[in-house]
Amino acid sequence: MVATYVGRFAPSPTGALHAGSLVAALASWLDARAAGGRWLVRIEDVDTPRCSPQAGETLLRQLDALGLRADEAPQWQSQRTGAYQQALDALVRSGLAYPCACSRADIAAAHAAAGRVPTRHRPLPYPGTCRAGLQGRAPRAWRFACEKYWSKLALAHYEQAQDASFSIANNLLIWTDRRLGVQTQNVATEVGDFVLQRADSLWAYQLAVVVDDAFQAITHVVRGEDLADNTPRQLLLQAALGLRHPRYLHTPLVRGADGEKLSKQHGAPTLDTSEPLKALLPAAKMLGLSPVPAQTQVADALAYWVMIWRALYNPAP
């Protein structure tokens with residue numbers, strides 16, 4: 001058992017819980033309970049134009065109806081803007097964040113001029129236009145100086161014992177996911193200097209999630225597989241801010257008939273929680289958990305799946 005385990009489920013309130021997001025919710029709850037740890041809920045409403053308090057409250061009611069109850073009151077990102085500003089200020093002071101004047105059209109034009117063409121699932125990295133200064137243009141956003149930090153971090157990793165959470169070799173950041181295994185990414189060339197604060201002054205997901213995971217003392221992150229390629233950026237930000245690195249497990253995605261990830265943006269229907277076990281069974285199946293009889297009480301089903309989860313994923317570090 002992991003006495004200090006703290007996990008979380010962090011949905012964005014752009015709509016109600018659906019079959020795809022339930023997989024991540026159930027997995028994170030089971031992982032925490034299997035470790036004898038605490039489970040928190042964070043409402044990631046930092047993108048205020050797309051989010052609503054009503055959707056957040058609906059998500060919380062759905063989780064409660066399914067027996068997935070948090071160990072303390074939920075945290076709302078919209079109430080944490082001061083903490084994100086403090087983190088950005090710290091990065092600016094250390095020379096690891098800089099203002100950017102580029103619009104999306106500017107970035108696309110820079111790539112086009114260099115003959116680079118984006119693909120559907122792999123956008124091109126930021127070309128570094130403002131890395132050496134704004135050249136008289138007005139700032140729009142703030143970016144993490146990834147290339148600058150990458151070179152410093154690579155040298156530090158070479159000269160001393162490498163962080164157990166990740167390593168650097170051959171220009172790759174290497175980390176291990178508890179389900180997917182060893183993962184690699186060259187953050188500098190595949191992503192580039194990523195946004196910390198957007199041109200509309202809203203905080204970027206990467207900064208907000210890192211700051212909040214540290215604030216809530218999160219030790220284990222369990223979330224959808226579509227976020228796995230975000231993890232290297234978050235590991236770098238954690239290191240740059242001197243924050244603890246959680247362990248990561250990325251769950252399989254529920255896909256629609258078109259093969260795309262089931263999501264609110266793709267019209268995923270709201271999850272019906274009036275029959276909790278009926279809603280939970282497909283999510284449990286997606287996670288490789290054995291089914292239970294239809295007449296099983298929800299609490300008993302969850303307790304049974306906790307035992308199976310412990311054997312499947314071994315939440316101990």
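**Helix packing, sheet and cores in the predicted model**

Helices H1 and H10 pack with their axes 9 Å apart, at an angle of about 75 degrees. That angle makes H1 roughly perpendicular to H10, since the range for this class runs from 65 to 115 degrees. The structure described here is a predicted model. On the H1 side, the residues that meet H10 are Leu26, Ala27, Trp29, Leu30, Asp31, Arg33 and Ala34. Their counterparts in H10 are Leu302, Trp305, Val306, Trp309 and Arg310.

Several of these positions recur in the largest nonpolar core, which has 42 residues. Within this core, the residues with the most contacts are Leu22, Leu26, Leu68, Trp305 and Trp309. Two or more residues are contributed by each of H1, S2, helix H2 (53-65), helix H9 (276-286) and helix H10 (298-313). H1 supplies the largest share, 10 residues. The contacts of tryptophan 305, neighbours within four places in sequence left aside, are Leu30, Leu277, Leu280, Leu281, Ala284, Leu289, Ser290 and Val292. A second core, separate from this one, has 36 residues, among them Val46, Tyr84, Leu96 and Ile168.

Helix H9 also holds lysine 278. With a relative accessible area of 58%, lysine 278 is exposed, because the class begins over 50%. Lysine 278 is separated from alanine 294 by 16 residues in sequence, and the C-alpha atoms of the two are 7.6 Å apart in space.

An open sheet is formed by 3 strands in the order S1-S2-S3, with parallel pairing. Strand S1 (6-9) and strand S3 (75-76) are the edge strands; each has a single partner strand, so one side of each lacks a neighbour in the sheet. S1 and strand S2 (residues 38-43) run parallel and are joined by 4 bridges. Opposite valine 41 in S2 stands phenylalanine 9. Helix H1 (residues 19-34) packs on the sheet and touches S1 and S2, its direction making about 150 degrees with that of S2. Helix H7 (residues 205-215) also packs on the sheet, where it touches S1, S2 and S3. The direction of H7 makes about 145 degrees with that of S2.

H7 is mostly covered, with 8 of its 11 residues buried. The buried residues are Gln206, Leu207, Ala208, Val209, Val210, Val211, Asp212 and Asp213. Aspartate 212, which lies in H7, has a relative accessible area of 0% and is therefore buried. With neighbours within four places in sequence left aside, aspartate 212 is in contact with Arg42, Gln75, Gln77, Arg80 and Tyr84. Just after H7, alanine 217 adopts a positive phi of about 55 degrees.

Two further helices pack against H7. The axes of H7 and helix H8 (residues 231-241) come within 10 Å and cross at roughly 55 degrees. H7 and H8 are therefore oblique to each other, and their crossing is right-handed. In this pair, Tyr205, Gln206, Leu207, Val209 and Val210 of H7 meet Arg233, Gln234, Leu237, Gln238 and Leu241 of H8. Helix H3 (residues 81-93) packs with H7 at an angle of about 105 degrees, the axes being 10 Å apart. This angle makes H3 roughly perpendicular to H7. The H3 residues Ala83, Tyr84, Ala87, Leu88 and Leu91 meet Leu207, Ala208, Val211 and Asp212 in H7. Leu207 of H7 thus appears in the contacts with H8 and in those with H3.

Outside the helices and strands, alanine 164 sits in the loop between helix H5 (146-159) and strand S6 (166-169). Its relative accessibility is 85%, so alanine 164 counts as exposed. Alanine 164 and threonine 176 are 12 residues apart along the chain, and 9.8 Å separates their C-alpha atoms.

Notes: Residues numbered from 1 in each chain as written. Predicted model: local features only at pLDDT ≥ 70, side-chain atom pairs only at ≥ 80, totals over all residues. Heavy atoms only, no water. Pairing = 2+ DSSP bridges. Contact = heavy atoms within 4.5 Å. Axes fitted to C-alpha atoms, helices over the stretch in contact; angles between N-to-C directions. Core = buried A, V, L, I, M, F, W, Y, C linked by side-chain atoms within 4.5 Å. Buried < 20%, exposed > 50% of the residue type's maximum accessible area, 1.4 Å probe, protein only. Parallel < 35°, antiparallel > 145°, perpendicular 65-115°, else oblique. Left-handed = near helix turned anticlockwise from the far one by under 90°.
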